[in-house]
Amino acid sequence: MNRTTPILALALGAGMVAAPAFAFPDKDVDYIIPFSPGGESDVAARLQQPVFAEEFGRQLIVKYQAGAGGAQAWSQLNSMPADGHTIMGINLPHVILQPMMSSPGYETADLTPVYWFHYTPDAIIVNASSQFETLEDLVSFARENPGMVTFSGSGSNSANSLAQTRFDTLAGVTTTYVPFSGTGPSTTALLGDQVSASWGYSTVAAAQGDQVRMLAVAAEERLPLFPDVPTFREAGYDMVGGAYRGVAVPKDTPEEVRRAVSDAFQAMNNEPAMRQAMDDGAFVVIDVPYEEVAAFMALRREEIAAAAAAAN
C-alpha cells in the first residue's frame, strides 16, 4: 500500500477544493485510530495525511488506541476535546453491532459520525491452489456437503461473520465459520490451508496477490483492480456491503465544527489522486457528508440488525 503514497503526494497541487468557510483547521489535528497499525483503517489514514497537509496546511497526526475491537477508543471519545481538532476513526458494522450484542462501554447513539468515506467490500477468497475455481464451484460443493466448507474470518459478531451468515441464507447452504483475532491470522489460516476459504475483504486479495483467488466481491460494480472478479449480484446473490469507515467527533462538538470536519474530509475524498489511491488498494470510495449521516446510519442499522438476528 505504501507505493501509492508518493503518487498521491505528487498528484496534488492543481484544482484543490476550497477549504470550509468555518476556520478549520487552525492547528494540527489528532486523528485517533481505534485499532493497531497496519489494518485498513490505518492504511486509509496514512493515505489521507498528505492530502490533508497539502490542502489545509496542517498535519493530520495519526495516533492508535487499540482494544476490544475498537470499543476501548469509542467508549472514551466523548471525554476528548470537542473543538474539531481531536477526531476518531469510526467503523461499521462495529459501532452498531457491538452495543447490540454486548456491553462495550458505549451506545451507538453516543457516537457522532460526521463523514463516511469508503468501505472494503466483503469477499470470498480462496487459496490459489483451491479446488474452487468459481463461486458456483464452492456453492455446489457446500450444498452437497453441509458444514464441510470452512471459512476463516476476523472475529465473531463481525462484518465477516455477518457476511457468512447472510450468504449461507441467500445461497441455501450451511458452511462453518472459524473466527480469528484479526484479518492477519485469518489470512494466515487461509494460506496455510487450515480452512477451505476465507470471508475477508477485497483489500486482502489486493495485498496477497497471486497467492489467493477472489471468487466474488460484495460491491455494486466490479472493482477496477479486479475486472475479472464478478460481484455477488452478478452471480445471483443480492449482497452488497462490507466494513465501512468514517470519522467521528465528541458529542459536544458544535454543529458548525461538525460540518467543517465533514467538509474537510469530503474535500479530501473528492481529490482524484485520493480516489485513485483507494482504487489501487481495492477500497470503494463513498461520499456520506454530515447531513446524510443519520439516514445512512439508519439504513445500516436495519441491515445489521437483520443479519445479526439471522446469525443468532
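Which residues are buried in α2? This tour of a predicted model takes up that question after a visit to the largest pocket.

**The largest pocket**

Begin by selecting Phe35, Gly69, His94, Ser154 and Ser181. The largest pocket holds about 690 Å³ of space, and these five residues are the closest to its centre among the 34 that line the pocket. Next, colour the lining by class: 20 of its residues are polar, 11 are nonpolar and 3 are charged.

Then display the secondary-structure elements that contribute to the lining. At least two residues each come from α2 (40-56), α4 (94-101), α6 (159-171) and β9 (242-249). Of the lining, α4 supplies the largest share, with 4 residues.

**Helix α2**

Now select residues 40-56, the helix α2. Of its 17 residues, 12 are buried, so the rest of the structure largely encloses α2. The buried residues are Glu40, Ser41, Asp42, Val43, Ala44, Ala45, Leu47, Gln48, Val51, Phe52, Glu55 and Phe56.

Place a distance monitor on the C-alpha atoms at the two ends of α2. They lie 24 Å apart, which agrees with the 24 Å that 17 residues should span at 1.5 Å a residue.

Centre the view on glutamine 48. Here α2 bends by about 25°, and proline 50 follows within four residues. Glutamine 48 also belongs to the buried set listed above.

**Beyond the helix**

Finally, select glycine 57. This residue follows α2 and has a positive phi, near 70°.

Notes
Residues are numbered from 1 along each chain as its sequence is written. This is a predicted model: local features need pLDDT of at least 70, side-chain atom pairs count only at pLDDT 80 or more; totals for chains, interfaces and linings use all residues. Side-chain values use heavy atoms; hydrogens and water are left out. On a 1 Å grid over the protein atoms alone, a cavity is a set of points where a 1.4 Å probe fits but cannot get out, and a pocket is an open set with protein on both sides within 12 Å along at least five of seven lines; lining residues have an atom within 4 Å of a point. Grid points are joined across faces, edges and corners, and a volume is the space filled by probe spheres set on the points. Ala, Val, Leu, Ile, Met, Phe, Trp, Tyr, Cys and Pro count as nonpolar, Asp, Glu, Lys and Arg as charged, and the others, Gly among them, as polar. The expected span of a helix is 1.5 Å times one less than its number of residues. The bend at a residue is the angle between axes fitted to the seven residues ending there and the seven starting there. Buried means under 20% relative accessible area, exposed over 50%, partly exposed in between (1.4 Å probe, protein chains only).
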